[in-house]
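Biologist: Please take one part of this model and go through it closely. I want the pairing, the packing and the side chains in one connected answer.

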Amino acid sequence: IIMPRKALLETSKLAKEFEGKCKFYVSKNKIRLEVANIVLVSKLIDGNFPQYQEVIPKKNKNIMKVGASLLAD
């Protein structure tokens, strides 16, 4: 599914504010999130998820090495 940016930001805020279980319901056109006594409903973006493999160059000379703990932080 592809959620609108605003709905994703609101979902993130709710997840940070409340502890416990979150319930997600997804239909063909909408997503519903229930947290505590709050219900957020949003339309989904119609379309296919972008093919990221086509955007990232296959031959790339740049290499970056990062330790796992640093990356996690």
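Modeller: Two strands count as paired if DSSP finds at least two bridges between them. Strands are DSSP runs of E with at least two residues, helices runs of H or I with at least four, numbered from the N terminus. The model is predicted, so local features need pLDDT of at least 70 and side-chain atom pairs pLDDT 80 or more, while totals for chains, interfaces and linings use all residues. Residues are numbered from 1 along each chain as its sequence is written, and side-chain values use heavy atoms, without hydrogens or water.

I take the sheet. Three strands make an open sheet in the order β1-β2-β3, with antiparallel pairing. Because β1 and β3 stand at the edges with a single partner strand each, one side of each has no neighbour in the sheet. Neighbouring strands are turned against each other by 15° on average, direction ignored. Axes are lines fitted to C-alpha atoms, for helices over the stretch in contact; angles run from 0 to 180 degrees between N-to-C directions.

Now the pairs. β1 covers residues 22–26 and is joined to β2 by five antiparallel bridges. The hairpin between β1 and β2 passes through three residues. F24 has L33 of β2 as its bridge partner.

On the other side, β2 meets β3 (residues 38–43) through six bridges, again antiparallel. This hairpin has two residues between its strands, and A36 in the turn has a positive phi of about 50°. Farther along the pair, K30 is bridged to K43 in β3. I31 stands opposite S42 in β3. Helix α1 packs on the sheet and touches β1, β2 and β3; the direction of α1 makes about 160° with that of β3. Contact means heavy atoms within 4.5 Å.

What do the side chains of β2 do? They alternate along residues 30–35. I31, L33 and V35 point to one face and are buried. K30, R32 and E34 point to the other face and are not buried. Buried means under 20% relative accessible area, exposed over 50%, and partly exposed in between (1.4 Å probe, protein chains only).

T11 lies in helix α1, which spans residues 5–17. T11 counts as buried because its relative accessibility is 11%. Leaving out residues up to four places away in sequence, T11 touches M3, F24, L33 and L40. That list includes F24 and L33, the bridge partners from β1 and β2.

S42 in strand β3 also counts as buried, because its relative accessibility is 11%. Beyond its neighbours within four places in sequence, S42 contacts P4, A7, N29, K30 and I31. Among them is I31, which stands opposite S42.

That leaves the charged pairs. The structure has two salt bridges. Such a bridge puts a side-chain nitrogen of Lys or Arg within 4 Å of a carboxyl oxygen of Asp or Glu. One is in the sheet: the side chains of R32 and E34 meet at 2.8 Å, N to O. Both residues are on the β2 face that is not buried. R32 counts as partly exposed because its relative accessibility is 34%; E34 is partly exposed at 22%.

The other links E10 to K13, at 3.4 Å, N to O. These two are about one helical turn apart because three residues separate their positions in α1. E10 is partly exposed, at 31% relative accessible area, and K13 is partly exposed too, at 46%.
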